[in-house]
Amino acid sequence: MAAQSQYEELARQLSAIGAVKREMGRILPPDCPPASAGVLTLLDRYGEMRMSKLAELLAIDMSVTSRHVAHVAERGWIEREPDPLDKRSRLLRLTPSGRSLLAELSERYTASLARYLDDWSDSDVGRLNELLARLRTSFGDCRTRAHHEPTTRTPAE
């Protein structure tokens, strides 16, 4: 098990990742804030879905999800169609315009990462990818639970 000081440093590093995320957010078009990009990315990854499922995946309230959905729908990046199984609900799906925007965003992100990490070796970038994937796996699906219950051990264990 890592020393307490290593976990403290990891907490500082993870907190500082916010600055990296903000910098990466600056490459987004002005009319596509990070939350909108998140909506589009989830619809691309999981396919059409109801707003309730999107809110669950975003781990935010339905009213906030509704504002994000309205924003992307107004720009023609998604469609809202009646759910044939429940006419009260709507299914959200990407439009060709939304897919095109996602492709552009992917190119921008990739180019930006390549620019910022141009002095990193392929091995270092690969290792970072492996470690970040492992970190996410260790936390499980953070969207569907409020927190990870710590394991408690008695001194005798």
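At what angle do the axes of α2 and α4 cross? In this predicted model, the crossing is at roughly 80°, and the two axes come within 9 Å. Because angles of 65 to 115 degrees count as roughly perpendicular, α2 is roughly perpendicular to α4. On the α2 side, A35, S36, V39 and L40 take part. They meet H68, H71 and V72 in α4. By class, the residues of this contact divide into four nonpolar and three polar, with no charged residue.

Helix α2 spans residues 34-46 and also packs on helix α5, residues 96-116. Here the axes come within 10 Å and cross at roughly 110°. The angle therefore makes α2 roughly perpendicular to α5. From α2, the contact is made by A37, L40, T41 and D44. From α5, the contributors are R99, L101, L102 and L105. Five nonpolar residues, one polar residue and two charged residues make up the contact of α2 with α5. L40 is thus named in the contact with α5, and L40 is also named in the contact with α4.

A further helix pair is formed by α3 (residues 51-58) and α4 (residues 62-74). Their axes come within 9 Å and cross at roughly 105°. This angle makes α3 roughly perpendicular to α4. Helix α3 supplies M51, S52, L54, A55 and L58 to the contact. Helix α4 supplies M62, T65, S66 and V69. The class count for α3 with α4 is six nonpolar, three polar and no charged residues.

The strands form an open sheet of three, in the order β1-β3-β2, with antiparallel pairing. Strands of a sheet pair through backbone hydrogen bonds, either parallel or antiparallel. The edge strands are β1 (49-50) and β2 (78-83), and each pairs on one side only. Strand β3 covers residues 86-94. Six bridges join β2 to β3, and the two strands run antiparallel. A hairpin of two residues makes the connection from β2 to β3. D83 stands opposite D86 in β3. Further along, R80 has L92 of β3 as its bridge partner. I78 stands opposite L94 in β3.

On the other edge, β1 pairs with β3 over two bridges, again in the antiparallel sense. The bridge partner of M49 in β3 is L92. L92 is therefore a shared point in the sheet: M49 has L92 as its partner, and so does R80.The largest pocket has a volume of about 2,800 Å³. Its lining comprises 48 residues. Among these, the closest to the pocket centre are I17, V20, K21, L132 and R136. Five helices each give two or more residues to the lining. They are α1 (4-25), α2, α3, α5 and α6 (122-139). Nonpolar residues number 30 in this lining. Polar residues number nine, and charged residues also number nine.

Key
Residues are numbered from 1 along each chain as its sequence is written. This is a predicted model: local features need pLDDT of at least 70, side-chain atom pairs count only at pLDDT 80 or more; totals for chains, interfaces and linings use all residues. Side-chain values use heavy atoms; hydrogens and water are left out. Axes are lines fitted to C-alpha atoms, for helices over the stretch in contact, and angles run from 0 to 180 degrees between N-to-C directions. Helices (H or I, at least four residues) and strands (E, at least two) are DSSP runs, numbered from the N terminus. Angles under 35 degrees count as roughly parallel, over 145 as roughly antiparallel, 65 to 115 as roughly perpendicular and the rest as oblique. Contact means heavy atoms within 4.5 Å. Ala, Val, Leu, Ile, Met, Phe, Trp, Tyr, Cys and Pro count as nonpolar, Asp, Glu, Lys and Arg as charged, and the others, Gly among them, as polar. On a 1 Å grid over the protein atoms alone, a cavity is a set of points where a 1.4 Å probe fits but cannot get out, and a pocket is an open set with protein on both sides within 12 Å along at least five of seven lines; lining residues have an atom within 4 Å of a point. Grid points are joined across faces, edges and corners, and a volume is the space filled by probe spheres set on the points. Two strands pair if DSSP finds at least two bridges between them.
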